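Reader: Before I set up any calculation, I would like to go through this model with you, step by step.

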Amino acid sequence: MSEYTYIAPCHFGLEAVLKREIEGIGYKIVRVEDGRVFFSGNEYAAAFANICLRSAERILLLAGEFTARSFDALYDETKKIAWEEFLPKNAKFWVTKASSVRSKLCSPSDIQSVMKKAMVDRMGEHYGMRRFPEDGPAYPLRVSIKKDVVTAAFDTTGTSLHKRGYRVSPVIAPISETLAAALIELTPWHPDRVLVDPFCGSGTIPIEAAMMARNIAPGAKRSFLAENWSSILAAESWEKARGRAAEGVREISKDDVDIQGFDIDPLAVRYARENAREAGVLDLIHFQTRDVAKLSHPKKYGFIITNPPYGERLEDKAALPALYETIGRAYAGLDSWSMYLITSYEDAERYIGRRADKNRKIYNGMLKTYFYQYLGPKPPRREKKTEQRQSEE
């Protein structure tokens, strides 16, 4: 099998989470940059990474990297890449996206057209053709230029990886599946500990947690663009990756976990249940219509992981102080719990009533958010053993 370099983009601020994930599924990290992680692997890695990574936005196959400070250099260096090793003569290929940061070349449309021409000219010389039918599989190329270094990579994913395939409700989710999974991975939560999301909306955080508990691969129910790339990636790789992911699913019941999702909107709770059912984890989650003011739980050492309203609409901002004061009172009433809360509301700590133990800046798209981390004590060692013994019984 050929060895490739892949690029996994992610939300800014979550590179360390994605790096651990990639290493966890067995691949070697090449380097880490803002918003993306480079790793190496064979053709099977494209399939397994697409199906199994929870915090990556997509998987890109690196075609080439070079420095270009003029459009002539961009053309010449692009033409040097052996595109014929990736693309069959009937491939549909184009530069689907180009971005530029602190570089001499800063016009996305011109970058796209120059690189497309160079690709066609290289392919034409190799195949002895002046025109290409482009009626075969799609190979969209994504190009980023940072400090004049051009990175060109094929998108193996297609529709972004946050589209797991389980969202059947029409409710617009304020947090993506990839971001929700990454936030959970930033906490020490484990399936033997209670998890409550009091602003669950369409259920994203509880569903992602339950999928982790059952070890359901996030991409198990969807397809990927590169499944048609027989010139590079064998169909058997995708079959093997899906089979391996299916073998890893754990058989656990609702008695093994305590995951809860609350929301004040009964319609949101209804849709959350539908999404959880589609994801195959409805039996692991207790959804309920409930105001955050009524949040309580008899167990100790639980976790709140939540994405409360930000007040992005001007008319909602006036309600935020009272809302965050309510969150603070509810959390104060939970003995020995930890709380992890993502929000763009900069006065969150003030109205919650205490400073977070840790604060992490994360970009949700172009929106700067803060992941406030209130750390409760660890369970006593004896209690951990008791819980383990009870679960085995």
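Author: The questions and answers below go from the whole chain to single helices and residues.

Reader: What kind of model is this, and how many helices and strands does the protein chain have?

Author: This is a predicted model, and its local features are taken only where pLDDT is at least 70. With that in mind, the secondary structure of the protein chain comes to eleven helices and 14 strands.

Reader: How does the radius of gyration of the protein chain compare with the globule rule for 393 residues, and what is its value?

Author: For 393 residues the globule rule gives 21 Å, and the value for the protein chain is close to this, so the chain is as compact as a globular protein of that length. Along the principal axes, the C-alpha atoms fill a box of roughly 75 × 50 × 40 Å. The radius of gyration itself is 23 Å.

Reader: Which percentage of the 393 residues counts as buried?

Author: The surface that the protein chain exposes is about 18600 Å², with carbon and sulfur atoms supplying 49% of it. A residue counts as buried under 20% relative accessible area, and the share of the 393 residues that are buried is 53%.

Reader: Among contacts between residues at least 6 apart in sequence, what percentage joins residues at least 24 apart?

Author: The contacts in question are those of the protein chain between residues at least 6 apart in sequence. Within that set, the share joining residues at least 24 apart is 77%.

Reader: How far apart do the centres of the positive and negative side chains lie?

Author: The protein chain carries 58 positive side chains and 53 negative ones. Taking the centre of each set, the distance between the two is 3 Å.

Reader: What span should helix H4 have, and what distance separates its end C-alpha atoms?

Author: Helix H4 covers residues 108-127, and its 20 residues at 1.5 Å each should span 28 Å. The distance between its end C-alpha atoms agrees with this expectation, being 28 Å.

Reader: Which elements are included in what covers the buried residues of H4?

Author: The buried residues in H4 are Ile111, Val114, Met115, Ala118, Met119, Met123 and Gly124. As background to such a list, residues three or four places apart in an α-helix point the same way, because there are 3.6 residues a turn. The cover over the buried residues of H4 includes strand E4 (60-67), helix H3 (71-80), strand E5 (92-101), strand E6 (138-146) and strand E7 (149-155).

Reader: How many residues of H6 are buried, and which elements do they pack against?

Author: H6 is mostly covered, with eleven of its eleven residues buried, and among them are Ile205, Ile207, Met211 and Arg214. These buried residues pack against helix H5 (177-185), strand E8 (195-197), strand E9 (259-263), helix H8 (266-279), strand E10 (285-289) and strand E11 (303-306).

Reader: Is Pro206 buried or exposed, and which residues does Pro206 touch?

Author: Pro206 is found in helix H6, residues 204-214. Its relative accessible area is 0%, so Pro206 counts as buried. Leaving out residues up to four places away in sequence, Pro206 touches Asp197, Cys200, Ile259, Gln260, Gly261, Ile285 and Phe287.

Reader: What is notable about phi in Asn215, and is Asn215 buried, partly exposed or exposed?

Author: Most residues other than glycine have a negative phi. Asn215, which follows H6 and lies in the loop between H6 and helix H7 (235-247), has a positive phi of about 60° although it is not a glycine. At 29% relative accessibility, Asn215 counts as partly exposed.

Reader: Where does Glu134 lie, and what is its phi?

Author: Glu134 is placed in the loop between H4 and E6, and at 27% relative accessibility it counts as partly exposed. Glu134 is a residue other than glycine with a positive phi, near 50°.

Reader: Is Lys147 buried or exposed, and how far is its C-alpha atom from that of Gly136?

Author: Lys147 sits in the loop between E6 and E7, where it touches Val101, Arg102 and Ser103, not counting residues up to four places away in sequence. Its relative accessible area is 51%, and because exposed means over 50%, Lys147 counts as exposed. Lys147 and Gly136 are eleven residues apart along the chain, and the separation of their C-alpha atoms is 35 Å.

Definitions and conventions. Residues are numbered from 1 along each chain as its sequence is written. This is a predicted model: local features need pLDDT of at least 70, side-chain atom pairs count only at pLDDT 80 or more; totals for chains, interfaces and linings use all residues. Side-chain values use heavy atoms; hydrogens and water are left out. Helices (H or I, at least four residues) and strands (E, at least two) are DSSP runs, numbered from the N terminus. The radius of gyration is taken over C-alpha atoms; the globule rule is 2.2 Å times the number of residues to the power 0.38. Buried means under 20% relative accessible area, exposed over 50%, partly exposed in between (1.4 Å probe, protein chains only). Contact means heavy atoms within 4.5 Å. Accessible areas come from the Shrake-Rupley method with a 1.4 Å probe; for residues, only the protein chains shown count as cover. Lys and Arg count as positive and Asp and Glu as negative; His and the chain ends are not counted. The place of a charge is taken as NZ of Lys, CZ of Arg, CG of Asp or CD of Glu. The expected span of a helix is 1.5 Å times one less than its number of residues.
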